[in-house]
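Got the model open in your viewer? Let's walk through it stop by stop, with something to select at each one.

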Amino acid sequence: MNIEEFFELSAGKWFSHRTSHHLAFKQSEDGKSDIVIEMLAADHPEVIKLCQQYEIEPSTASCGARVTWNGTMEWDEEKHQGSTVLATVPNADNPDEGKLLREMGYAEKAPVAGSYKMGDDGALTLITEYETMWSEERLWFASPNLRMRVSVLKRFGGFSMASFTSEIRMGSTPAAKAAEAANAVNAPAS
């Protein structure tokens, strides 16, 4: 699976359940969200604008997405909602690795560019360095309608958080493409 196929398979509406472990405080916290992921073509005006913001030639982007979320966390009454645009810019010599541009980061509310790597197993690994923290996320499909995610967030100064998220698609996928991608991921190596 390549980065474009991963984004295509991710498109749709998802119910997300996250358990986070705040290691410094020895506490766990649950969160729930509705997430909508919309595929954007590489030449979409928002993808072009994002590339220009990072001074990257827009023609080097391979795809993009708009991600919108609305959720709650166990320990606060606050609604956690927002949206961001993402764009992938593959390395010229290895398209399975590259930059992931974000209009707004998840851990800090500022634009941020990270790196991505597609594994041979179909899993996507994202590494992002923010001004005051570092994160690593790994996302994969257990089936076309079940996506898993694990992440580690480290603040400079020692505070860390680890989380596990399961995301269940609400509705259906374009069946043939989703089944084909899932089968390719789950097929035994030859």
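Start with the whole chain: of the contacts (heavy atoms within 4.5 Å) between residues at least 6 apart in sequence, 46% join residues at least 24 apart. Before you click further, note that this is a predicted model, where local features need pLDDT of at least 70, side-chain atom pairs count only at pLDDT 80 or more, and totals for chains, interfaces and linings use all residues. Numbering starts from 1 along each chain as its sequence is written, and side-chain values use heavy atoms, with hydrogens and water left out.

Switch to cartoon. You'll find three helices and ten strands, in the order α-β-β-α-β-β-β-β-β-β-β-β-α from the N terminus. These are DSSP runs numbered from the N terminus: H or I of at least four residues for helices, E of at least two for strands.

Now color by burial. Of the 190 residues, 41% count as buried, meaning under 20% relative accessible area (exposed is over 50%, partly exposed in between; 1.4 Å probe, protein chains only).

Next, select Phe7 and Leu124. They have the most contacts inside the largest nonpolar core, which has 20 residues. Such a core is a set of buried Ala, Val, Leu, Ile, Met, Phe, Trp, Tyr and Cys residues joined through side-chain atoms within 4.5 Å. Elements giving two or more residues to this core include α1 (3-10), β2 (27-40) and β8 (133-143). Stay on Leu124: beyond its neighbours within four places in sequence, its contacts include Ile3, Phe6, Tyr116 and Leu139.

For the polar side, jump to Arg66. Its side chain forms a salt bridge (Lys or Arg side-chain nitrogen within 4 Å of an Asp or Glu carboxyl oxygen) with Glu38, at 2.5 Å, N to O. That pair links strand β2, home of Glu38, to strand β3, home of Arg66, 28 residues apart. Arg66 also bridges to Glu46, with the closest N and O atoms 1.9 Å apart; Glu46 sits in helix α2 (residues 45-53). Arg66 is partly exposed at 21% relative accessibility, and Glu46 is partly exposed too, at 27%.

Last stop: buried or exposed, what is Glu167? It's buried, with a relative accessible area of 1%, and its salt-bridge partner Arg147, at 2.7 Å, is buried at 5%. Show Arg102, Glu137 and Arg149 as well: salt bridges that share partners join these three with Arg147 and Glu167 into one network.
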